[in-house]
Amino acid sequence: MRRIHPDIKDDPDIVQAYAYPEGRPWLRLNMVASADGAAWDKGLSGGLSGKADKRVFGVLRGLADVVLVGAATVRAEGYGPVRPRESWRELRAGRPAAAPLAIVSRGLDLDFGAPLFREAVSPTLVITCESAPADRREAAAEAGEVIVAGGERVDLAGAVAALHARGLTRVLCEGGPRLNAQLAAAGLVDELCLSVSPLLLGGDAARILDGEPSRERLRLGQVLEEEGVLFCRYTREM
């Protein structure tokens, strides 16, 4: 891997390249897209990823306090718990060995007996709203920890504030595109880490934001490259 912006450097320190800013909460999106903007290949993001992307993905998870993800992505991608890695030992000193997952779900259509809940190092968080079915909320509370934010739909600003109140201030969102769009529309996105895969896909795949409109000017702070894949780090202009 090499850095090609803002300077040229071979084998940069990836942990340092993605270090969180000190002294404030921070929400970053991490997504992969094809060169023509598709957020998935045949419904899954895995077809867009390679070894380098998975390496960056692992570092971002190691740095995060919590991994935020939408329920549809959990189901489509077959999510399991975030499992500890030996390479994270120093990164996570003073914190749990792996970040908990926080799943955003209005209807709570989740398998609460799955490894995602049963084998998690830290209790899996379920973020829902008051209109969620009472029996499903009860099942979620037995399997993990429930955060209720909002009435008829999930209030993402309230949800993120609840994560911060638990000391989970370094938030890594892994999508999907609808959750990304809602976060952006609410003005909650501080950073976008975008891996651009050298593929043309066409078709009807969503972009990395799919849903509510938003407009946020970003600053390109860094670009890494390996085997034609670009790893772009954008931050919101303050």
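# Close-up views of a predicted model

**Figure 1. The lining of the largest pocket mixes 18 nonpolar, 14 polar and 13 charged residues.** The model shown here and in the other views is predicted. The largest pocket has a volume of about 1,200 Å³. Its lining comprises 45 residues. Nearest the centre of the pocket lie Gly70, Thr73, Glu77, Glu174 and Gly176. Four elements each give two or more residues to the lining: strand S3 (26-34), helix H2 (51-63), helix H3 (71-77) and helix H7 (177-185). H3 gives the most, with six residues.

**Figure 2. A cis peptide bond joins Gly175 and Gly176.** Omega is about 10° at this bond. Gly176 sits in the loop between strand S8 (170-173) and H7. Gly176 is also among the residues nearest the centre of the largest pocket. H7 is one of the elements that give two or more residues to the lining of that pocket.

**Figure 3. The peptide bond from His5 to Pro6 is cis.** Omega is near 10° here. Pro6 belongs to the loop between strand S1 (2-5) and strand S2 (9-10).

**Figure 4. The model has one cavity of 30 Å³ or more.** The volume of the largest cavity is about 50 Å³. Its lining is made up of Pro81, Val82, Ala98, Ala99, Pro100, Leu101, Leu116, Ala120, Val121, Ser122 and Thr124. By class, nine of these residues are nonpolar, two are polar and none is charged.

**Figure 5. Ser122 lines the largest cavity.** Ser122 is in the loop between H4 and strand S6 (125-128). Its relative accessibility is 13%, so Ser122 counts as buried. Leaving out residues up to four places away in sequence, Ser122 touches Pro96, Ala98 and Pro100. Ala98 and Pro100 also line the largest cavity.

**Figure 6. The largest nonpolar core has 36 residues.** Tyr18, Ile103, Leu110 and Phe231 have the most contacts inside this core. The elements that give two or more residues to the core are helix H1 (14-17), H2, strand S4 (66-70), H3, strand S5 (101-104), helix H4 (115-118) and strand S11 (229-236). H2 gives the most, with five residues. A second, separate core has 31 residues, including Leu29, Ala159, Val160 and Ala162. In soluble globular proteins, nonpolar side chains tend to be buried together.

**Figure 7. Tyr18 is one of the residues with the most contacts inside the largest nonpolar core.** Not counting residues up to four places away in sequence, Tyr18 touches Arg28, Val56, Leu60, Leu63, Cys193, Gln222, Leu224, Phe231 and Arg233. Among these, Phe231 is likewise one of the residues with the most contacts inside the core.

**Figure 8. Cys193 and Cys232 do not form a disulfide.** The count of disulfides in the model is zero. For Cys193, the nearest cysteine sulfur is that of Cys232, 9.8 Å away. For Cys232, the closest cysteine sulfur is in Cys193, and the distance of 9.8 Å is too far for a bond. A pair would need its sulfur atoms within 2.5 Å to count as a disulfide. Cys193 is buried because its relative accessible area is 2%. Cys232 has 8% relative accessibility, so Cys232 counts as buried too. Tyr18 touches Cys193.

**Figure 9. Arg137 lies in helix H5 (residues 134-143).** With 28% relative accessibility, Arg137 counts as partly exposed. Leaving aside its neighbours within four places in sequence, Arg137 is in contact with Leu108, Thr128, Cys129, Glu130, Ala132, Val146 and Val148. Ile127 and Arg137 are 10 residues apart in sequence. In space they are 9.9 Å apart, C-alpha to C-alpha.

**Figure 10. Leu108 has a positive phi although it is not a glycine.** Its phi is about 60°. Leu108 falls in the loop between S5 and H4. At 0% relative accessibility, Leu108 counts as buried. Arg137 is in contact with Leu108.

**Figure 11. Glu227 also has a positive phi without being a glycine.** The angle is about 50°. Glu227 is in the loop between strand S10 (218-226) and S11. Its relative accessible area is 73%, so Glu227 is exposed.

Terms used
Residues numbered from 1 in each chain as written. Predicted model: local features only at pLDDT ≥ 70, side-chain atom pairs only at ≥ 80, totals over all residues. Heavy atoms only, no water. 1 Å grid on protein atoms, 1.4 Å probe; cavity = no way out; pocket = protein on both sides within 12 Å on 5 of 7 lines; lining within 4 Å. Points joined across faces, edges and corners; volume = space filled by probe spheres on them. Nonpolar A, V, L, I, M, F, W, Y, C, P; charged D, E, K, R; others polar. Buried < 20%, exposed > 50% of the residue type's maximum accessible area, 1.4 Å probe, protein only. Contact = heavy atoms within 4.5 Å. Core = buried A, V, L, I, M, F, W, Y, C linked by side-chain atoms within 4.5 Å.
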